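Here are some friendly notes to go with the model you are looking at. They walk through one helix, the cysteines, the cavities and the salt bridges.

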Amino acid sequence: MNYLTVENISKSYGELTLFQNVSFSIHKHQKIAFVAKNGSGKTSILNILSGKDEPDNGTIVFRKGIKTAYLSQEPNLSTDLTVEETIFNSDNPILKTINAYNQALSSPDNTEAYQAAFEAMEQQEAWDFETLYKQILFKLKLTNLNQKVSSLSGGQKKRLSLANALINKPDLLILDEPTNHLDLEMIEWLEHFFAKEKITLFMVTHDRYFLERVCNEIIELDQGEIYNYKGNYSYYLEKKEARIERETTETNKAKQLYKKELGWMRRQPKARTTKSKSRIDDFHDIKARAHKRREDHQVQLEINMERLGNKILELHKISKSFPEKVILDKFDYVFQKGERSGIIGVNGTGKSTFLNIITGNIEPDSGKVILGETVKFGYYTQSGISVKQGQKVIDVVRAYGDYIPLKKGRQISAQQLLERFLFDKKKQYDFVEKLSGGERKRLFLCTVLIQNPNFLILDEPTNDLDIVTLNVLEAFLLDFPGCLIVVSHDRYFMDKIVDHLFVFRGGGIIDNFPGNYTDYRVYEDSVPKIEAKTEKKQWKKDDTVKLSYNEQKELNAIESKLKALTHDKKTLESKFENTSLSQDAIKDLSDQLQEILNTIEIKENRWLELSSKLE
């Protein structure tokens with residue numbers, strides 16, 4: 001069943017043409033990833049599909065009656081509402097029924113309204129839906145339902161928008177970088193959710209593991225042409241490589257034919273026959289094919305870093321706390337030459353704070369940070385690049401230096417470095433405010449690397465970068481001879497780059513794991529039971545369960561208790577049907593019912609917490 005057809009759409013901004021005559025379609029139950037380079041119009045296409053923008057020409061045809069939802073990178077939420085009010089602020093009829101029921105509970109005097117709301121809940125089977133939306137909010141760590149949107153962080157707002165989209169179960173869900181602002185636990189949960197749900201997806205994502213495990217088709221916009229791949233990311237890589245090989249072969253053949261036809265053209269007299277004119281027309285077509293070049297502009301990163309001495313970076317008994325949160329607790333570590341460390345952990349456990357302590361931007365509460373004399377940090381932060389109004393791309397890089405040394409005594413100018421980072425000469429003189437989010441990230445990388453660091457610290461470097469740039473960055477980092485620390489939720493990136501992990505577990509507990517992310521997940525699954533002992537965690541093998549004996553016992557008790565509470569709730573609700581109840585009796589019943597509902601909510605949250613350990 002066809003949900004959406006895109007026919008020959010184009011989009012330009014002034015002299016900049018993003019794409020022309022793009023066509024594709026989306027069918028029911030397809031899970032499509034849309035792949036293209038930064039600056040080629042991915043977000044613009046998503047905005048057009050969602051109705052936030054219009055193409056310059058061409059048409060978008062939706063199947064009549066389908067419901068769509070769009071998760072943008074900048075959520076549009078009402079700041080006056082709470083988390084729960086945001087969820088209920090939709091056209092979903094079941095959510096409206098749940099909201100009406102909650103309002104009826106808060107007005108115990110109106111028995112007719114309560115009875116009508118209760119019957120509507122029964123008819124629409126809304127009890128299960130209520131449990132579902134609370135589960136989704138719990139998984140996305142949005143547990144304070146009364147918190148105002150205005151007080152949420154940027155990441156929390158993105159997660160709330162994602163929850164809203166998932167809860168409303170649209171026919172077609174359009175997603176722009178859905179894994180940004182999610183920690184690894186959330187990303188893996190979302191993978192499982194999409195894998196089991198019969199939902200139609202069209203997404204832009206740089207997360208290649210997510211793309212591999214969720215998507216069953218890839219649409220690529222490459223140099224103005226649309227290519228369809230009926231498979232996951234591995235299939236796409238294989239078929240794209242074969243396509244490029246074919247194109248190269250065809251171009252080489254066209255070059256040989258062009259040389260032959262060029263000689264014929266030069267020998268032709270001015271007066272030409274009809275047959276020769278036809279051959280001349282063919283010649284121009286051959287010429288175009290022969291001169292077709294792939295504009296991949298492979299980045300060549302051969303920076304010659306400054307020498308590292310024997311002493312690099314030592315952390316001795318480092319502690320850091322904030323009100324009601326311990327980040328580091330007497331943390332010790334000595335970095336050696338060539339170390340390639342990854343940092344993982346759920347949001348809020350202090351990963352960025354740790355990096356800021358290392359680089360001297362934040363002072364520890366106690367302990368010593370000893371930095372070697374030869375260490376030169378290159379620090380790529382989540383805050384991005386800071387530019388002045390009216391500043392051009394080339395000026396941003398030149399502010400840090402006019403050139404950098406390369407291997408074998410060569411040099412590279414700021415302009416040449418930008419070209420290697422896919423900024424052509426025309427783009428270098430554009431104003432920075434005209435750049436896409438991914439292009440700004442690329443520019444930021446240039447400013448970090450032109451300073452010729454020997455200790456790179458990258459805090460979420462993969463956000464907003466396209467897959468082409470990620471491959472280039474990975475190739476550089478694999479050859480980088482200095483020390484490296486990476487914080488990233490991109491598991492594919494981490495697997496290729498790092499050889500050991502700092503696992504931030506919260507409460508000042510940090511494990512040093514020898515291996516990459518996949519190694520860690522395999523080990524975590526086989527050795528799931530973790531017990532704290534003094535300052536470190538000890539790993540104990542338990543192949544049968546991931547809960548302690550007491551936790552398993554508690555989980556079983558909660559399941560039994562929830563059944564009893566549900567029965568009590570229905571029994572109590574049935575008593576409201578008695579029309580002869582006095583106002584005092586109604587109030588008493590309402591108080592009892594509210595107490596049961598509060599207890600159910602507490603038990604459900606604890607059940608979800610324990611159950612998540614078994615997944």
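Is C483 buried or exposed? C483 has a relative accessible area of 0%, so it counts as buried.

1. Before you read on, a word about the ground rules. This is a predicted model, in which local features need pLDDT of at least 70 and side-chain atom pairs count only at pLDDT 80 or more, while totals for chains, interfaces and linings use all residues. Residues are numbered from 1 along each chain as its sequence is written, and side-chain values use heavy atoms, with hydrogens and water left out.

2. On the cysteines: C215 joins C483 in the note, since C215 has 5% relative accessibility and is therefore buried. Here buried means under 20% relative accessible area, exposed over 50%, and partly exposed in between (1.4 Å probe, protein chains only). The structure holds 0 disulfides, a disulfide being a pair of cysteine sulfur atoms within 2.5 Å.

3. Next, please look at helix α1, residues 42-50. Because 7 of its 9 residues are buried, α1 is largely enclosed by the rest of the structure. The buried residues are K42, S44, I45, L46, N47, I48 and L49. After α1 comes G51, which has a positive phi, near 90°. Helices (H or I, at least four residues) and strands (E, at least two) are DSSP runs, numbered from the N terminus.

4. Now for the empty space inside. The whole structure contains 4 cavities of 30 Å³ or more, and the largest has a volume of about 90 Å³. A cavity is a set of points, on a 1 Å grid over the protein atoms alone, where a 1.4 Å probe fits but cannot get out; lining residues have an atom within 4 Å of a point. Grid points are joined across faces, edges and corners, and a volume is the space filled by probe spheres set on the points.

5. Which residues line the largest cavity? They are K134, L137, F138, L142, T143, L145, E601 and N605. Two elements, α5 (126-139) and α20 (583-612), give two or more residues to this lining, and α5 gives the most, with 3 residues. By type, the lining has 4 nonpolar, 2 polar and 2 charged residues. In this count Ala, Val, Leu, Ile, Met, Phe, Trp, Tyr, Cys and Pro are nonpolar, Asp, Glu, Lys and Arg are charged, and the others, Gly among them, are polar.

6. Salt bridges come next, and the whole structure has 20 of them. Each is a side-chain nitrogen of Lys or Arg within 4 Å of a carboxyl oxygen of Asp or Glu. One of them pairs D53 with K11, with the closest N and O atoms 3.3 Å apart. D53 sits in the loop between α1 and β4 (57-62) and K11 in strand β1 (residues 2-13), so this pair ties together parts that are 42 residues apart in sequence. D53 is partly exposed at 23% relative accessibility, whereas K11 is buried at 7%.

7. Another pair worth finding on screen is D207 and R491, whose closest N and O atoms are 3.3 Å apart. D207 lies in the loop between β7 (200-204) and α8 (208-214) and R491 in helix α17 (residues 491-497), so the pair ties together parts 284 residues apart in sequence. Both D207 and R491 are buried.

8. Finally, D430 bridges to K434, with the closest N and O atoms 3.8 Å apart. D430 is buried at 18% relative accessibility, while K434 is exposed at 54%. Elsewhere, salt bridges that share partners join E191, D207, R213 and R491 into one network.

Key: On a 1 Å grid over the protein atoms alone, a cavity is a set of points where a 1.4 Å probe fits but cannot get out, and a pocket is an open set with protein on both sides within 12 Å along at least five of seven lines; lining residues have an atom within 4 Å of a point.
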